[in-house]
Amino acid sequence: MRVGVITFPGTLDDVDAQRAVRYADGEAVPLWHGDHDLKGVDAVIVPGGFSYGDYLRCGAIARFAPVMQEVIEAANKGMPVLGICNGFQILAEAHLLPGALVRNHKLHFVCRDQWLKVENNTTAWTTRYDEGAEILVPLKSGEGGYQANEDTLKELEDNNRIVFRYVGENPNGSRNNIAGITNAKGNVVGLMPHPEHAIDALTGPTDDGLGMFLSLLDSVVKA
Ligand SMILES: NC(=O)CC[C@H](N)C(=O)O
């Protein structure tokens, strides 16, 4: 399994995403924001950080990077794509996922370990979890509030497209406690919390995040 991990100017979590891929027995292939091809990878991770300094809005500039045109094309053909935190913001800006991530409701950057409920274990990135499982992974974002109009929320709820929900106090004002969603096909997933920081109990709060990368291995091997 070869997984591309994109680095934009200001990306922070690419190294941990690459490490997570290796923990799942994959080969991590570094991709640069200016690349015009995806180097034959099986899947792509858009990692967290502060791409282009979060100018305008988080992800608003990264969406136009040359590599994202390739990601959009590949995702529309069914390639598994995961956006973590800033990566989720970029996928939303690129319209691969609906809705928008806005300033946290209390206007503070939130950094804490966060319980999540796995609502959908049928996506390319979540098959290793039991439906309804609760996992603990870090959350660290300033614009993590998920917002969408009523029609979009209904579409997400009715079609099992909410992948993760926050458990306990809502950390950022996200509608319907949404922490992560998927596209209609289930190949593209975006979430605000950070599974790549929770792949080994020695370095993260838990190893609960590793399941996302192992799930990908299953999807790629099956394909
Ligand atoms: N950890 C991250 O990727 C942070 C994303 C973004 N810069 C924010 O503050 O919301």
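Trainee: How far is an oxygen atom of the ligand from an N or O atom in the side chain of Gln89?
Mentor: That distance is 3.1 Å, within the 3.5 Å limit for a polar contact between N or O atoms. This is a predicted model, in which local features need pLDDT of at least 70 and side-chain atom pairs pLDDT 80 or more, while totals for chains, interfaces and linings use all residues. Residues are numbered from 1 along each chain as its sequence is written, and side-chain values use heavy atoms, without hydrogens and water.

Trainee: And what about the ligand's nitrogen contacts with Asp54 and Lys140?
Mentor: A ligand nitrogen lies 2.7 Å from an N or O atom in the side chain of Asp54, and a ligand nitrogen is 2.9 Å from a polar backbone atom of Lys140.

Trainee: How much of the ligand does the protein bury?
Mentor: The protein buries 98% of the 300 Å² that the ligand exposes when taken alone, with areas from the Shrake-Rupley method and a 1.4 Å probe.

Trainee: Which residues are closest to the ligand?
Mentor: Of the 14 residues that surround the ligand, meaning those with a heavy atom within 4 Å, the closest are Gly49, Asp54, Cys85, Lys140 and Glu143.

Trainee: What classes make up that shell?
Mentor: The shell around the ligand holds 4 nonpolar, 7 polar and 3 charged residues, with Gly counted as polar.

Trainee: New topic: where does the ligand sit?
Mentor: The ligand occupies the largest pocket, with more than half of its atoms within 2 Å of the grid points. This pocket is lined by 17 residues, each having an atom within 4 Å of a point on the 1 Å grid, and Phe50, Asp54, Phe109, Ser141 and Gly142 lie nearest its centre.

Methods. A polar contact is a pair of N or O atoms within 3.5 Å; within protein, one must be able to donate a hydrogen and the other to accept it, and residues adjacent in sequence count only if both atoms are side-chain atoms. On a 1 Å grid over the protein atoms alone, a cavity is a set of points where a 1.4 Å probe fits but cannot get out, and a pocket is an open set with protein on both sides within 12 Å along at least five of seven lines; lining residues have an atom within 4 Å of a point.
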